[in-house]
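Here is a guided walk through one protein model, with strands, turns and a few unusual residues along the way. Please keep the viewer open as you read.

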Amino acid sequence: TLTVPATSPTANAQGSWGAPVAYSVTASDVVDGDLTASVACVPPSGTNFAPGASTVTCRVSDKAGNVTTKSFTVIVNDNAAPVLSLPALQVAEALDFLGARVTFTATATDAVEGPVNVVCAPPSGSFFPFGDTTVACHASDSAHNLATGAFTVRVIDTTPPTLTVPSLPVVVEAATALGGPASFAVSA
């Protein structure tokens, strides 16, 4: 008699290679008694199983050469969401009175799939108005595990105006003891 797990042993993937899964299988014989030590399973207990479902086949024989074989399924789930890597506060200098075009990099890595696509709104390269704008990002893997995050884009104006004054001294003829009228152009 060979006893394999009644329900599929499960584990959560720890990386693209899957996860180690331990299981227990026992065997006994009416004549030979406990044969658990003689059970051979492929793949063996504690093996790294790939994400998804894997079949384990176990075999045992008694001293008389009677053989029993049974199979069961091991399941490695991908329950972990990707890990987002988002910028810290993004500060940009305004290009004009409307704001600034801002580019940024947002990435995500999934333990099973590696790099996955990140979607942000507004996307990188968008025009951002003065002040703070929240950029919301998300990434999901093929197992539909979702990661979300956000960061702030701040558009500021720290550039002082350009002041244009006459480059040469303005010379005025005195009309009275108090001076005289002067004309000059100043712009900013």
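In what sense do strand E10 and E13 pair, and over how many bridges? Strand E10 (residues 83-85) runs antiparallel to E13, and 3 bridges join the pair. Before going further, please note that this is a predicted model, in which local features need pLDDT of at least 70, side-chain atom pairs count only at pLDDT 80 or more, and totals for chains, interfaces and linings use all residues. Residues are numbered from 1 along each chain as its sequence is written, and side-chain values use heavy atoms, with hydrogens and water left out.

A few words on terms will help. Strands (E, at least two residues) and helices (H or I, at least four) are DSSP runs numbered from the N terminus. Two strands pair if DSSP finds at least two bridges between them. Buried means under 20% relative accessible area, exposed means over 50%, and partly exposed lies in between (1.4 Å probe, protein chains only).

**Around strand E13**

Within the E10 pairing, Ser 85 has Thr 107 of E13 as its bridge partner. E13 also pairs with strand E14 (residues 114-116), again in the antiparallel sense and over 3 bridges. Here Asp 110 is matched with Gly 114 in E14, and a hairpin of 3 residues connects E13 to E14. The side chains of strand E13 (residues 107-110) alternate: Ala 108 and Asp 110 are buried and point to one face, whereas Thr 107 and Thr 109 point to the other and are not buried.

**The open sheet with E8**

Next comes an open sheet of 4 strands in the order E2-E9-E8-E6, with mixed pairing. Strand E2 (10-12) and E6 are at its edges with a single partner strand each, so one side of each has no neighbour in the sheet. From one strand to the next, the twist averages 25° (axes are lines fitted to C-alpha atoms, for helices over the stretch in contact, and angles between N-to-C directions run from 0 to 180 degrees).

Inside this sheet, E8 and strand E9 (residues 67-77) run antiparallel and are joined by 10 bridges; in one of these pairings, Thr 57 has Ser 71 in E9 as its bridge partner. Arg 59 belongs to strand E8 (residues 52-61) and is partly exposed, at 45% relative accessibility. Contact means heavy atoms within 4.5 Å. Leaving aside neighbours within four places in sequence, Arg 59 is in contact with Leu 2, Ser 38, Val 39, Ala 40, Val 67, Thr 68 and Thr 69. Pro 166 is 107 residues from Arg 59 in sequence, and the two C-alpha atoms are 99 Å apart.

**The E17 and E18 hairpin**

E17 and E18 pair in the antiparallel sense over 10 bridges, and they form a hairpin with 5 residues between them. E18 also pairs with strand E11 (residues 90-93), this time in the parallel sense over 4 bridges, and Val 91 stands opposite Arg 154 in E18.

Which side chains meet in a salt bridge? Those of Asp 132 and Arg 154 do, at 2.6 Å, N to O. A salt bridge is a side-chain nitrogen of Lys or Arg within 4 Å of a carboxyl oxygen of Asp or Glu, and by this rule the count comes to 1. Asp 132 is in strand E17 and Arg 154 in strand E18, 22 residues apart. Asp 132 and Arg 154 are bridge partners in the strand pairing as well. Asp 132 is partly exposed at 48%, and Arg 154 is partly exposed at 32%.

Asp 141 sits in the loop between E17 and E18. Asp 141 is buried yet has no salt bridge, and Arg 101, the nearest side chain of opposite charge, is 31 Å away (Lys and Arg count as positive, Asp and Glu as negative; His and the chain ends are not counted). Not counting residues up to four places away in sequence, Asp 141 touches Asp 78, Ala 80, Pro 82, Asp 110 and Glu 113.

**Unusual backbone angles**

Most residues other than glycine have a negative phi, and most peptide bonds are trans. The table gathers two cis bonds.

| Cis peptide bond | Omega |
|---|---|
| Val 42 to Pro 43 | about -10° |
| Ala 121 to Pro 122 | about -5° |

Pro 43 is in the loop between strand E6 (40-42) and strand E7 (48-49), and Pro 122 is in the loop between strand E15 (119-121) and strand E16 (126-128). His 144 has a positive phi of about 65° although it is not a glycine. His 144 lies between strand E17 (131-140) and strand E18 (146-156) and is exposed, with a relative accessible area of 70%.
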